[in-house]
Amino acid sequence: MGRPENGPWEILLRIFAVLSSQSPGARLSGFLSGPWNRNVTRCYMKTILFLFAGLLVLSVAVYCVIVFHGVSVGNAGTADSIRDMDKMRRRLSGLRLRRSQEDTITRVYWRLKEYFESESPYLNSGLTISDVARELYTNKVYVSKAIRINTGMNFCQFVNRYRVQYARRIMEIDPALRIAEVAALSGFNSTASMGISFRMFCQSTPGYCSRKIRLGTTRQRSVRKNRQAVS
């Protein structure tokens with residue numbers, strides 16, 4: 001089968017013949033003259049258009065990939081930002097809640113302390129934390145936390161410390177009182193519980209404290225008598 005006139009092979013042979021000539025002018029004139037130059041031009045145009053179309057498609061594909069990757073990264077970044085904002089919001093909410101609880105506990109403690117010092121509820125041997133919470137218009141959880149955070153003691157220890165202080169005061173007022181009487185007047189259920197509390201807060205027994213107080217009272221009386229005798 002013969003090659004068609006001005007086909008691709010013919011065009012290539014003619015281009016090779018023109019390019020292999022000795023004279024550059026002949027190359028150019030041969031390249032531009034002849035009935036086949038329109039086919040060459042058409043072939044070049046098709047090639048250029050094909051390359052341009054290929055570059056355009058490739059550019060669009062690269063652009064789409066870049067845009068899709070940017071959207072994906074942006075969505076991931078947005079999701080991370082939303083999660084971070086949620087975490088921060090929860091932390092701030094928890095911080096405000098803790099501060100609010102701390103303020104409430106502090107107020108409960110100062111009201112509790114004022115109540116014990118003014119009303120002396122510890123003198124009631126049957127006092128419970130529920131009774132105290134009811135008087136302070138709060139709940140026993142807040143009362144327990146207020147005592148533990150501010151003193152490091154539980155409710156019973158807090159109450160017994162006030163009872164020990166009161167017991168020492170009445171021992172000084174009336175040293176002749178017996179230990180059982182002091183325990184009953186101070187709100188203790190028994191002398192045993194008073195002894196445990198004295199050892200915890202005074203590092204001594206109620207009897208030792210009573211004797212020490214009586215001895216100190218006797219010395220003070222003798223000093224006053226000596227002063228009166230001298231004067």
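A residue counts as buried when its relative accessible area is under 20%. Keep that cut-off in mind as we walk through this structure, which is a predicted model.

Let's start with the whole chain. The protein chain has nine helices and zero strands, so reading along the sequence gives the pattern α-α-α-α-α-α-α-α-α. Of its 231 residues, 23% count as buried. The chain exposes about 16800 Å², and carbon and sulfur atoms supply 60% of that area. How do contacts link up the sequence? Among contacts between residues at least 6 apart in sequence, 54% join residues at least 24 apart.

Now let's pick out a single residue. Ser 197 sits in helix α8, which covers residues 191-201. Is Ser 197 buried or exposed? Its relative accessibility is 4%, so Ser 197 counts as buried, because the cut-off is under 20%. Leaving aside residues up to four places away in sequence, Ser 197 touches Asn 160, Val 164, Phe 188 and Cys 202.

Next, look for the nonpolar cores. In soluble globular proteins, nonpolar side chains tend to be buried together. Here, the largest nonpolar core has 20 residues, and those touching the most other members are Leu 112, Phe 116, Val 132, Val 143, Phe 155 and Phe 158. Which elements give two or more residues to this core? They are α3 (37-119), α4 (129-135), α5 (140-151) and α6 (155-173). Of these, α3 gives the most, with six residues. Leu 112 is a good place to zoom in: not counting residues up to four places away in sequence, Leu 112 touches Val 132, Leu 136, Val 143, Ile 147 and Phe 158. Apart from this largest core lies another one, of 12 residues, including Val 164, Ala 167, Ile 170 and Phe 198. You have already met Val 164, as one of the residues that Ser 197 touches.

Finally, follow α6 to its meeting with helix α7, which spans residues 179-186. The axes of these two helices come within 9 Å and cross at roughly 130°. That angle makes α6 oblique to α7, because angles over 145 degrees count as roughly antiparallel and 65 to 115 as roughly perpendicular, and 130° falls in neither range. The crossing of α6 past α7 is right-handed. Which residues meet here? From α6 come Arg 163, Tyr 166, Ala 167, Ile 170 and Met 171, and they meet Ile 179, Val 182, Leu 185 and Ser 186 of α7. Two of these names may look familiar: Ala 167 and Ile 170 are also among the residues of the 12-residue core.

Key. Residues are numbered from 1 along each chain as its sequence is written. This is a predicted model: local features need pLDDT of at least 70, side-chain atom pairs count only at pLDDT 80 or more; totals for chains, interfaces and linings use all residues. Side-chain values use heavy atoms; hydrogens and water are left out. Helices (H or I, at least four residues) and strands (E, at least two) are DSSP runs, numbered from the N terminus. Buried means under 20% relative accessible area, exposed over 50%, partly exposed in between (1.4 Å probe, protein chains only). Contact means heavy atoms within 4.5 Å. Accessible areas come from the Shrake-Rupley method with a 1.4 Å probe; for residues, only the protein chains shown count as cover. A nonpolar core is a set of buried Ala, Val, Leu, Ile, Met, Phe, Trp, Tyr and Cys residues joined through side-chain atoms within 4.5 Å. Axes are lines fitted to C-alpha atoms, for helices over the stretch in contact, and angles run from 0 to 180 degrees between N-to-C directions. Angles under 35 degrees count as roughly parallel, over 145 as roughly antiparallel, 65 to 115 as roughly perpendicular and the rest as oblique. A crossing is left-handed if the near helix is turned anticlockwise from the far one by less than a right angle, and right-handed if clockwise.
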